[in-house]
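User: I am new to this structure. Please pick one part and take me through it closely. Then show me a few other places, for context.

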Amino acid sequence: MIKWEQSEQQRLFCETEAFEVLYGGAAGGGKSYVQCQDAFLYGMTYPKSRQLILRRTYPELNKSIIRTTLEMYPNSLAKYNAGAHMWTLSNGSVIDFGYCDNENDVFRYQGAEYDVIRIDELTHFTEFMYLYLISRIRGANDYPKHIKGSTNPGGVGHGWVKARFIDPQIQNKVFSSKDTTRIFIPAKLTDNKWLLKKDPDYGKRLKNLPEDEYRKLCLGVWDINEGAYFSEWRRDLHVCEPFDVPKDWRRYFAMDYGLDMLAGYWIAVDGMGNAFAYREIYESGKVITEALNDILAVQGKDLPYEYIAPPDMWNRRQDTGRSVAEIFADGGIMLTKAKNDRVQGWYDLKEWLHPRPDEYGNISPKLKIFSNCKNLIRTLPMLEIDKKNPNDVAGEPHEYTHAADALRYWAAGRPVPAPVITERDEYLPEYDEQVESLLKY
């Protein structure tokens with residue numbers, strides 16, 4: 001009888017009913033090991049089932065997954081064919097090994113049928129590879145179908161994996177998205193008690209890595225993007241839970257608008273000059289009047305001190321001869337034209353995001369973002385440095401730029417703190433006499 005120990009997270013990985021599964025995070029969390037466990041258990045549970053385990057290259061696969069299976073799988077129940085790179089289990093189930101060195105390699109699996117496809121180090125794969133491989137999961141049986149990935153943060157696929165599994169901010173629970181079900185199971189080094197017992201200094205050695213690599217591999221932090229423009233971004237510092245914004249704080253609304261996307265943010269500044277992006281509107285396909293009405297509906301009676309918009313909203317449209325700013329004014333929103341010096345605007349925003357000691361001595365940025373501003377939180381860390389102009393933000397992927405542009409227009413406007421209202425402790429008649437004497441001159 002096989003006795004394999006599992007952590008609670010590993011058990012969830014094996015037992016989940018979700019179609020798309022990601023077990024990811026810190027190095028040493030037992031991700032590759034549980035892929036091998038789960039493949040064998042699934043194969044023995046469902047006779048004549050077919051599974052495929054992939055890495056980006058075959059040497060990577062041979063040094064990790066294949067070696068692990070050779071150590072784990074009992075010869076009495078499984079036979080390995082090194083030439084065919086496959087395991088055949090005693091009940092006729094098959095576990096194939098494969099690789100996708102480039103996007104064209106996915107077509108080597110054209111016509112193949114699998115009940116489960118497993119991808120080790122998923123962030124090494126492009127989104128095209130992943131979506132194509134999903135199409136290979138099919139079969140004329142009633143076996144549960146899955147695509148199961150395991151990975152650390154970082155790599156060419158970091159952005160799309162983060163958007164697909166991490167950004168919904170749901171952990172250890174199945175969630176639905178369009179026509180599929182997904183689950184993200186975070187893996188931590190502390191989950192792997194067996195590694196820590198055999199090699200207790202492994203975590204200490206990881207601390208020798210550069211800070212970003214340490215945060216990715218040891219802490220499993222996903223909000224780190226190699227080549228990111230806003231390298232100062234830290235979710236634990238920049239994101240806060242919503243609270244009731246005091247009425248005396250000065251409110252701003254900043255927007256980036258086009259038919260492809262309306263991205264707008266309500267931002268409040270307190271008397272100490274600390275700012276909070278506390279509400280967002282993020283919609284595509286809205287004509288001008290629809291965008292106007294949606295902004296009014298979302299804000300309700302929470303009226304901003306100033307509405308800030310990019311200069312191109314004052315351009316007259318060929319079809320009507322009127323500008324977006326004019327149409328907004330007719331609807332009750334008077335726009336203020338933002339400065340559009342891109343580089344200076346990004347510098348201003350970096351200053352707002354730069355962590356520094358606050359008035360209480362805690363390290364904190366001047367700008368924080370409420371957790372309900374999900375698209376801003378999702379896209380801002382993904383903005384990369386423009387390779388042609390390292391002082392600017394790259395324009396691609398374009399979808400990532402809308403929310404940040406709106407924030408840039410706000411920062412470039414030099415927002416001022418809320419006025420500090422003070423009251424005199426007592427009424428002094430001589431004060432009025434002094435004022436009256438001054439008015440005579």
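Analyst: The answer starts with the whole chain, turns to one helix and its partners, and ends with other places.

This is a predicted model, where local features need pLDDT of at least 70, side-chain atom pairs count only at pLDDT 80 or more, and totals for chains, interfaces and linings use all residues. Residues are numbered from 1 along each chain as its sequence is written, and side-chain values use heavy atoms, with hydrogens and water left out.

The chain has 15 helices and 18 strands. Both come from DSSP runs numbered from the N terminus: H or I of at least four residues for helices, E of at least two for strands. Of its 441 residues, 51% count as buried. Buried means under 20% relative accessible area, exposed means over 50%, and partly exposed lies in between (1.4 Å probe, protein chains only). Among contacts with a separation of 6 or more, 68% join residues 24 or more positions apart. A contact means heavy atoms within 4.5 Å.

Now the chosen part: helix α2, residues 31-45. With 15 residues at 1.5 Å each, α2 should span 21 Å, and its end C-alpha atoms are 21 Å apart, so the two values agree. The expected span is 1.5 Å times one less than the number of residues. Buried residues of α2 include Lys 31, Val 34, Gln 35, Cys 36 and Gln 37. Asp 38, Ala 39, Phe 40, Tyr 42 and Gly 43 are buried as well.

Take Val 34, which sits in α2. Val 34 counts as buried because its relative accessibility is 0%. Leaving out residues up to four places away in sequence, Val 34 touches Gln 6, Gln 10, Phe 13, Cys 14 and Tyr 23. Val 34 and Trp 4 are 30 residues apart in sequence, yet their C-alpha atoms are 9.9 Å apart in space.

Next, how α2 packs. Two packed helices are described by the angle between their axes and the distance between the axes. Axes are lines fitted to C-alpha atoms, for helices over the stretch in contact, and angles run from 0 to 180 degrees between N-to-C directions.

Start with helix α1, residues 8-15. The axes of α1 and α2 come within 10 Å and cross at roughly 40°. α1 is therefore oblique to α2. Angles under 35 degrees are roughly parallel, those over 145 roughly antiparallel, those from 65 to 115 roughly perpendicular, and the rest oblique. The crossing of α1 and α2 is right-handed. In a right-handed crossing the near helix is turned clockwise from the far one by less than a right angle; anticlockwise makes it left-handed. Gln 10, Phe 13 and Cys 14 of α1 meet Tyr 33, Val 34, Gln 35 and Asp 38 of α2. By class, that contact has four nonpolar residues, two polar and one charged. Nonpolar covers Ala, Val, Leu, Ile, Met, Phe, Trp, Tyr, Cys and Pro; charged covers Asp, Glu, Lys and Arg; the others, Gly among them, are polar.

Helix α3, residues 58-72, is another partner. Its axis comes within 10 Å of the α2 axis, and the two cross at roughly 55°. α2 and α3 are therefore oblique to each other. This crossing is right-handed. From α2 come Ser 32, Tyr 33, Cys 36 and Gln 37; from α3 come Ile 65, Thr 68, Thr 69 and Met 72. The contact of α2 with α3 has four nonpolar, four polar and no charged residues. Tyr 33 of α2 appears in the contacts with α1 and with α3.

Now the other places. Helix α4 (residues 127-134) and α5 pack at about 55°, with axes 9 Å apart. These helices are therefore oblique to each other. Glu 127, Tyr 130, Leu 131 and Ile 134 of α4 meet Trp 160, Arg 164 and Phe 165 of α5. That contact holds five nonpolar, no polar and two charged residues.

Trp 346 lies in helix α12, residues 342-353. Its relative accessibility is 1%, so Trp 346 counts as buried. The residues that Trp 346 touches include Tyr 229, Phe 230, Asp 392 and Arg 408. Tyr 229 is 117 residues away along the chain, with 9.1 Å between the C-alpha atoms.

Last, the backbone. A cis peptide bond joins Glu 396 and Pro 397, with omega about -10°. Pro 397 is in the loop between α13 (374-379) and α14 (401-412).
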